[in-house]
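The exercises below ask you to read the packing of side chains from a structure, one step at a time. Please work through each task with the model open before turning to its solution.

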Amino acid sequence: MKLNIPKTYHYFKKYNIDCSNFLLEWIITLYAKPLNPDIVGRIWDRLFFTGTNILWKTGIAILKLLSSKFKDLETTLQLLKYPIVDED
């Protein structure tokens with residue numbers, strides 16, 4: 001995270017946000033809970049064809065998409081629990 005999305009990394013450090021609070025749920029459910037089924041299907045296809053590395057890459061990609069919406073601690077925590085990811 002520090003290398004791929006440094007602004008988000010520093011934002012999380014500032015507010016003492018631990019990635020295990022949200023990332024564990026995302027990965028355990030293979031992203032089925034936080035994302036829409038069409039996106040989840042694409043992630044699962046990649047998982048079966050390329051292996052588990054896609055799970056970490058997906059987490060970084062979601063954080064990149066959400067990072068512009070991180071305005072304050074409450075909004076950030078809400079977005080991490082219920083990510084709103086546009087399909088564009």
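**Exercise 1: The nonpolar core**

In this predicted model, the largest nonpolar core has 23 residues, and those with the most contacts inside it are Phe12, Phe22, Trp26, Tyr31, Leu63, Phe70 and Leu80. Determine which helices each supply at least two residues of this core, and which helix gives the most to it.

*Solution.* Begin with the helices along the chain: α1 (6-14), α2 (20-28), α3 (37-50), α4 (53-67) and α5 (73-81) each supply at least two core residues. Then look for the main contributor, which is α4, with 6 residues. As background, nonpolar side chains in soluble globular proteins tend to be buried together.

**Exercise 2: Trp26 and its aromatic partner**

List the residues that Trp26 touches, leaving out those up to four places away in sequence, and then describe the geometry of the aromatic pair that Trp26 forms with Tyr31.

*Solution.* With those sequence neighbours set aside, Trp26 touches Tyr31, Pro34, Gly59, Ile62, Leu63, Leu66, Leu80 and Pro83. Turning to the rings, the model contains 6 aromatic pairs. Among them, Trp26 and Tyr31 form a tilted pair, with 6.2 Å centre to centre and 50° between the planes. Trp26 counts as buried because its relative accessibility is 2%, and Tyr31 is likewise buried, with a relative accessible area of 0%. Finally, both rings belong to one aromatic cluster, which is formed by Tyr11, Phe12, Tyr15, Phe22, Trp26, Tyr31 and Phe70.

**Exercise 3: A nonpolar patch on the surface**

Which residues form a nonpolar patch on the surface, and is Phe49 buried or exposed?

*Solution.* The patch is formed by Trp44, Phe48 and Phe49, which together have about 430 Å² of accessible area. Phe49 lies in helix α3. The cut-off for exposed is over 50% relative accessible area, so Phe49, at 74% relative accessibility, counts as exposed.

**Exercise 4: Positive phi in a loop**

Examine phi of Leu30 and of Tyr31, and locate Leu30 and Tyr31 with respect to the helices.

*Solution.* Recall that most residues other than glycine have a negative phi. Leu30, which is not a glycine, has a positive phi near 50°, and Tyr31, also not a glycine, has a positive phi of about 70°. Leu30 is found in the loop between α2 and α3, and Tyr31 is placed in the loop between α2 and α3 as well. As for accessibility, Leu30 counts as partly exposed at 26%, whereas Tyr31 is buried at 0%.

Conventions:
Residues numbered from 1 in each chain as written. Predicted model: local features only at pLDDT ≥ 70, side-chain atom pairs only at ≥ 80, totals over all residues. Heavy atoms only, no water. Core = buried A, V, L, I, M, F, W, Y, C linked by side-chain atoms within 4.5 Å. Buried < 20%, exposed > 50% of the residue type's maximum accessible area, 1.4 Å probe, protein only. Helix = DSSP H or I, 4+ residues; strand = E, 2+ residues; numbered from the N terminus. Contact = heavy atoms within 4.5 Å. Phe/Tyr/Trp six-rings, centres within 6.5 Å; stacked < 30°, edge-to-face > 60°. Patch = residues over 30% accessible without salt bridge, like charges linked within 9 Å, V, L, I, M, F, W, Y side chains within 5 Å. Areas by Shrake-Rupley, 256 points an atom, 1.4 Å probe, with all protein chains shown as cover. Salt bridge = Lys/Arg side-chain N within 4 Å of Asp/Glu carboxyl O.
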